[in-house]
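Visitor: I should like to learn how sheets, helix packing and cysteines are read from a set of coordinates. Could we begin with the terms and then turn to the case at hand?

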Amino acid sequence: MYRTISIVVDNQAGVLAKVSNLFCRRGYNIDSLAVGTTENPLLSRITVVVQCNDRILEQIVHQLDKLVCVHKVKVLKEDAKVTRELVLIKVKADSSNRNDIIQIANIFRAKIIDISLTTLTLELTGEDPKTNALLDMIKYFGVIEVARTGFVAMDRGESNIYIEE
Amino acid sequence: MNGAKLLVDLLIKHDVDTVFGYPGATVLSVYDVLNSHKNIIKHIRTSHEQGAAHAADGYARASGKTGICLSTSGPGATNLVTGIAAAYMDSVPVIFITGNVECDKIGTDSFQEVDTTGITMPITKHNHMVRSIEELYTSVNDAFIIANEGRKGPVLIDIPQDILEQNISDSEYKKITNNYICYKSKNIMTNYDTTQLELAVKLINESKHPFILIGGGTVSSKASEELINFAEKINSPVSCTFMALGAMPNSHPLFAGGFSNICTLQKEKTFIDSDLFIAIGTRFSNRTTKTDKSLIEQKKVIHIDVDRAEINKNISSDCFLVGDAKKVLEILTDKINKKAKTDLELSHHSDVEISQNDELKPKNILQEIKNIIGEEAYIVTDVGLHQLWTAQFYPFEKPGHFITSGGFGAMGFGVGAAIGVHLGQKNKPVVLITGDGSFNMNCNELATVYENNIPLIIVLMHNNSLGLVRFIQKNKFKKRYFETTLKHSPNYVMLAKSYHIKGKVIRKMSDFKENLLMAKDSMKPFLLDCRIDINEA
């Protein structure tokens, strides 16, 4: 089962290493990981998507909590969160199929951010079913390379990571 | 003032009077300061950094203070790794201070450079490479809190050489101390979850046959007295893990013996028939429970531990209380109802055979150590059969007197740890029980024993084998013994003599008693080379 965990950590060198080291040595599977600074320049936010059962999830949360550099750990509720990922896709495109690709991009509301005689680069922001659906459609044309940021996520509504629930 | 002086002053401020270490280029500035502070801080230079690491560990366990270990960069730091891991697995508060190359050389594969923080990340509670003198001040101060809060553990601080050698003015120093914001302790729960507490009280009151298992946390929390009151109030047998031996006195009528024994022998009825299993300060290591998780999980389980992450990690509990064992037990004992006192006829107390013949047997050796040295003795072991014999046969009456590498099982722990234990409890006798395998690993620390006049009694269970490993080969690999026989042992008495330490080969119990008494009275280190049969198990 996929779960999304938000972690607020010190914005310092080595912190990401400590967090990923923890996942690695305890054998927890990271599906995606995204990190960046927060509204407070001294703190960073790591968003991790893991695949695990409830027992392992409990372990992940409490092992993370023990790290000195970790300030807050929150497992986001699956039905009460907003999630986004950004994907760049470079696809083979020439005069014969360029229009088809552009049509598909428009249907998904993906942007075209680069063009050459033989390629098109698309940018899509979205949640999982949408991004994977676009990739599946585009595969037909010949995908050259894909770069994904991994998911960032947040509670819906008035809830936030700093409030004890 | 330079970084090195700032560091040493901080250690003194934190009541440090003993440091274990080994000098090297990157930390020579620290040694220069230590040289001029010899009357305040004693530095013990070992033969190998691993010995220093184990010594700082043993010192912390015996004294209750924070152990301090100092080494240089590169190989100096990597030589500490086993010692750091051993301290981590047994939750011992030690601060490891390592030097590193200058800031501008970091990451360029310099001489004696290594990514110390990267290597020690998984085996420390926290580690940090400081990049400025301000960070040095903060990190060292914080380290004392981090190492000792909640579940204790080792902290490593890596300091580039130029920061140790950097000079600062008095006003700069004042600025650093004024700007220091003390580390805020992590959310260590001091308010027990009241629903869980009520549930625990309910489960205990309703239970007809409770059974208690205590672990190292009980010793670390100094909760022996509270535990005994708690157990007596509900008339519950108490078993213990390796790390808790002595927290319940061996002679106490409610003491049920070591738990891994109970699991293996399946003889203790009170455990088999119990309806409530109360675990205090234990992490249910696989060494403790063997394959017996289901036997425990069948019962109602209450898990009391200071580390929230241990709850439901190995064993599922019906109720858990996160907090300091001492405080939790105090509160619980107050709230629960008293149960009638009955004679539980624990099998541990019925297994009493005292052998009278003169044969050198581990059980007799251990009993004689107790008889002759007394219950004040600190018993340090290495790892192997001798360690298991000690855990099984030595009658510990006091908590924290069994010093052993329980969680990590690091062979070679013994001599270093014994040195630390002596310095942590100067007026108490220290006995090291070791095996030939383990002793061969770090006997170089005999030099340290002699140099520091440590009156260490070494009982070497010399059976010409890696006994425990050989035992596994006997059963699992059908006696296909390979590389577990130590045929060509050194002459250990001569080896000790070369380190200026007296010793004797022992082949009979009467010899053992005589020489042990002599060793004890001599107040000097002594090695008893006890010849044990290779097939003794």
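Guide: Contact means heavy atoms within 4.5 Å, and angles run from 0 to 180 degrees between N-to-C directions. The model before us is predicted. In chain B, helix H21 (residues 413–424) lies across strand E13 (378–381), strand E14 and strand E15 (430–435). The direction of H21(B) is at about 155° to E13(B).

Visitor: In what order do the strands of the sheet that holds E13, E14 and E15 of chain B stand?

Guide: The order is E14-E13-E15-E16-E18-E17 in chain B, an open sheet of six strands with parallel pairing. Strand E14 (402–403) and strand E17 (502–506) of chain B each have a single partner strand, so one side of each is left without a neighbour in the sheet.

Visitor: How many bridges join E17(B) to strand E18 of chain B?

Guide: Five bridges join E17(B) to E18(B), residues 526–531, and the two strands run parallel. Within this pair, Lys502(B) is opposite Phe526(B).

Visitor: Which strands are at the edges of the sheet ordered E9-E8-E7-E10-E11-E12 in chain B?

Guide: That sheet is open, with six strands paired in parallel. Its edge strands are E9 (255–258) and E12 (319–322) of chain B, each pairing on one side only. From one strand to the next, the twist averages 15°. Further inside the order, strand E7 (residues 210–214) and strand E10 (residues 276–280) of chain B run parallel and are joined by five bridges. Ile212(B) has Ile278(B), in E10(B), as its bridge partner.

Visitor: Which strands does helix H10 of chain B touch?

Guide: Helix H10 (residues 194–206) of chain B packs on this sheet and touches E10, E11 (300–305) and E12 of chain B. The direction of H10(B) makes about 125° with that of E12(B).

Visitor: Let us turn to the cysteines. How many disulfides does the structure hold?

Guide: A disulfide is a pair of cysteine sulfur atoms within 2.5 Å. By that criterion, the structure holds zero disulfides over all chains.

Visitor: Why is Cys52(A) without a bond to another cysteine?

Guide: The closest cysteine sulfur, in Cys24(A), is 16 Å from that of Cys52(A), which is too far for a bond. Cys52(A) is also buried, with a relative accessible area of 9%.

Visitor: What is the nearest cysteine sulfur to that of Cys240(B)?

Guide: The nearest is that of Cys263(B), 12 Å away, and Cys240(B) is in no disulfide. Cys240(B) is buried, at a relative accessible area of 2%.

Definitions and conventions. Residues numbered from 1 in each chain as written. Chains lettered and ligands numbered in written order. Predicted model: local features only at pLDDT ≥ 70, side-chain atom pairs only at ≥ 80, totals over all residues. Heavy atoms only, no water. Pairing = 2+ DSSP bridges. Helix = DSSP H or I, 4+ residues; strand = E, 2+ residues; numbered from the N terminus. Buried < 20%, exposed > 50% of the residue type's maximum accessible area, 1.4 Å probe, protein only.
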